Amino acid sequence: MTTEATDAGAPEADRVLLRLDGLRKEFGTRATTVAVDDVSLDVHEGETLALVGESGCGKTTLTRLLLRLLEPTAGSVSFDGRDLTTLSAPELRAVRRQMQVVLQDPHSSMNPRMRISDIVAEPLVTHDPEARGRRARARNRERVGELLEAVGLDAGIQDRYPHEFSGGQRQRVSIARALALRPRLLVLDEPTSALDVSVQATVLDLLADLQRRLGLTYVFVSHNLAVVAQVADRVAVMRGGRLVEVGEATQVLRAPRHPYTRQLLDAVPALDPRKGRRAAQRAASPAAGADR
Amino acid sequence: MTLDRPTPGPHEDREGAPPLLEIDGLSVDFRLDTSVVHAVRDVSLDVRAGETLAVVGESGSGKSATALSVLRLNPSPPCVYPSGEIRFDGRDLLKLSEKELGRVRGRDIAMVFQDPMTCLDPLQRVGAQVAEVLRHHTGVSRAQAKEAALAALDEVGIPDPELRYRQYPHELSGGLRQRVMIATALVARPRLLIADEPTTALDVTVQRQILDLLVTLQHKHDMAVVLITHDLAVVAETADRVVVMNQGRVVESGGVLDVFDHPADDYTRRLLAATPRLEAA
């Protein structure tokens, strides 16, 4: 990996918020699978780092390691200069407030029996003793209302249940929940993959707007390179548990250095009916598929 | 077809031929206990031999309900067809008996779906499932069916067909399963293939291979293809003509270059604008 080369060109090369160093994760006892293999990566404050790769490349395992939802077999994760692997439980809890996650499927990531108000307030209640109990109720409602409005929802939906909302609205609720503790880092794991394209566009706009307003740092996991092209400052390409290429988005997506990145990019269908194999066929034998 | 279409190109020689499939004023309702969902409303489209028609739309647009209507695969009840005709080779498929339709399914018209595991039997060897289509529709012997199935597996680019023939679906990767499903669909040499989101569940490099395979096979066999997709980039890659659906209706249709270059409908324009592009980087 070439972190040195990329860091020099990063848009905000000042402050490293998240540093992964030699991360490795093995699963299984006898026949071990190496899901993440010697991954080192810096994420800078305020940037969007996209983590791309195909199924089984280890990108989800890597996000679990950086949130310390999984223990690494080797290597370390530091957030704002503190090594998460050495923190005590209360210290880790304090750091966790600053890193939140939004998952792909807004249907399975919410308890269907909880009201929107309880879903969005849950991180507050978990992390803040003052948000618990009867007396905190009014203040929580106010805070949840603010959060819902921040993600473009009506503050009045608090007493309703997740099934009453569309996929896009639910994903906004997930984002509101992730913002409840005023985190600095959001891990977005395929946040728009389950959404229709027009809904995806509005959620991506929302995420960009929140990042600008709140100075958030994003680790954006995606298999969709066209989405990545739209959101990322830097791109890290993963394959077989390893990072094969890391760099500025324009460099990685326009002038990839690794053959695997090139292969991925070449596979993306172009939004242009003059490219692609059918177009080539049309050109070769116009009668077979004439444009009319 | 009654919809707007640009003037025929100079090389067009199929224009005079009647369409292979012609859907005319089709409506599809789902009659639920307390309500009726009008999934498809007055949809007309057609496909000629050797042509790929893409039907594109978002969830709930009615694109899949339209596609499934052709072989009457919508669950019925609750599905009913209050109006419209689906003419294949001049016959109205909606009026055929189950038995008559059974001779069309898999033989004249085949389908492939998004998820091969819903289509392949997990308890049967892959080869047997491909051969079964031929055994069912033609009088060929077991040996002939096996030979044709092996050839079909080979044709869809499955390495070592003899080995794969004996394996079960769970022993194959997602891309290989999709190839097996395509082999199953094409082994009886259908004249029309309906592909419902055939690459949506696949990784991008596998998607590329499957799209290329579909385009190649269609060209080779001069087959008509109806491709159902939510992805305009897949449309651009594969289609000759495109039908855009929204809320059960056709909002726009035409040649793929025309629709992409000059989208006439506002919804099409919004869909194109919302589709992320690699060039954004």
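**Group meeting talk: two chains, two sheets and a helix pair**

Hi everyone, let me start with a small detail in chain B: helix α1(B) is followed by B:Arg72, whose phi is positive, near 50 degrees. Before I go on, please keep in mind that this is a predicted model.

Staying with that helix for a moment, is α1(B) mostly covered or mostly open? Helix α1, residues 63–70 of chain B, is mostly covered, with eight of its eight residues buried. If you want to click through them, the buried residues of α1(B) are B:Lys63, B:Ser64, B:Ala65, B:Thr66, B:Ala67, B:Leu68, B:Ser69 and B:Val70.

Another spot in chain B that I'd like you to look at is B:Pro190. You will find B:Pro190 in the loop that lies between α6 (174–186) and β7 (192–196) of chain B. Why does B:Pro190 count as buried? There are 22 C-beta neighbours inside 10 Å of B:Pro190, and the cut-off for a buried residue is 20 or more, so this proline counts as buried. Which residues does B:Pro190 touch, leaving aside those up to four places away in sequence? The list is B:Arg107, B:Asp108, B:Ile109, B:Ala110, B:Ala185 and B:Met223. There is also a C-alpha distance to mention: B:Pro190 and B:Val104 are 86 residues apart along the chain, and their C-alpha atoms are separated by 9.0 Å.

Now over to chain A, and first the overall picture. Chain A has eleven helices and ten strands. Its radius of gyration is 21 Å, close to the 19 Å that the globule rule gives for 292 residues, so chain A is as compact as a globular protein of that length. Along the principal axes, the C-alpha trace of chain A spans about 75 × 50 × 40 Å. Of the 292 residues in chain A, 42% count as buried. For those of you who think in contact maps: take the contacts in chain A between residues at least 6 apart in sequence, and 66% of them join residues at least 24 apart.

Next, the sheets of chain A. One is an open sheet of four strands, in the order β2-β1-β4-β5, with antiparallel pairing. At its edges stand β2 (33–44) and β5 (82–83) of chain A, each with a single partner strand, so one side of each is left without a neighbour in the sheet.

Let's walk along β1(A), residues 16–27. With β2(A), this strand pairs in the antiparallel sense over eight bridges. You can pick out the register yourself: A:Val16 stands opposite A:His44 in β2(A), and A:Leu18 has A:Val43 of β2(A) as its bridge partner. The hairpin of β1(A) and β2(A) has five residues between the strands, and there A:Gly28 takes a positive phi near 90 degrees. As for β4(A), residues 74–79, five bridges join this strand to β1(A), and the two run antiparallel. A:Leu20 stands opposite A:Val77 in that β4(A) strand.

There is also an open sheet of six strands in chain A, ordered β6-β7-β8-β3-β9-β10, and here the pairing is mixed. Its edge strands are β6 (99–102) and β10 (242–248) of chain A, each of which pairs on one side only. From one strand to the next, the twist averages 15 degrees. Within this sheet, β3(A), residues 48–52, runs parallel to β8(A), residues 217–222, and five bridges join them. As a landmark, look for A:Leu49, which stands opposite A:Val219 in β8(A).

Last topic: where the two chains meet. How many residues of chain B are in contact with chain A? The count is 42 residues of chain B against 37 residues of chain A. On the chain B side, α7 (204–221), α8 (232–238), α9 (256–261) and α10 (266–274) each supply at least two residues. The largest share, seven residues, comes from α7(B). By class, this side of chain B divides into 18 nonpolar, twelve polar and twelve charged residues.

Let me finish with one helix pair across the interface. The axes of α11(A), residues 277–284, and α7(B) come within 9 Å and cross at roughly 25 degrees. That angle makes α11(A) roughly parallel to α7(B). From α11(A), the residues A:Arg277, A:Arg278 and A:Gln281 meet B:Asp212, B:Val215 and B:His219 in α7(B). Sorted by class, this contact has one nonpolar, two polar and three charged residues.

Thanks for listening, everyone!

Definitions and conventions:
Residues numbered from 1 in each chain as written. Chains lettered and ligands numbered in written order. Predicted model: local features only at pLDDT ≥ 70, side-chain atom pairs only at ≥ 80, totals over all residues. Pairing = 2+ DSSP bridges. Contact = placed C-beta atoms within 7 Å. Nonpolar A, V, L, I, M, F, W, Y, C, P; charged D, E, K, R; others polar. Axes fitted to C-alpha atoms, helices over the stretch in contact; angles between N-to-C directions. Parallel < 35°, antiparallel > 145°, perpendicular 65-115°, else oblique. Buried ≥ 20, exposed ≤ 12 C-beta atoms within 10 Å, placed from the backbone. Rg over C-alpha atoms; globule rule 2.2 N^0.38 Å.
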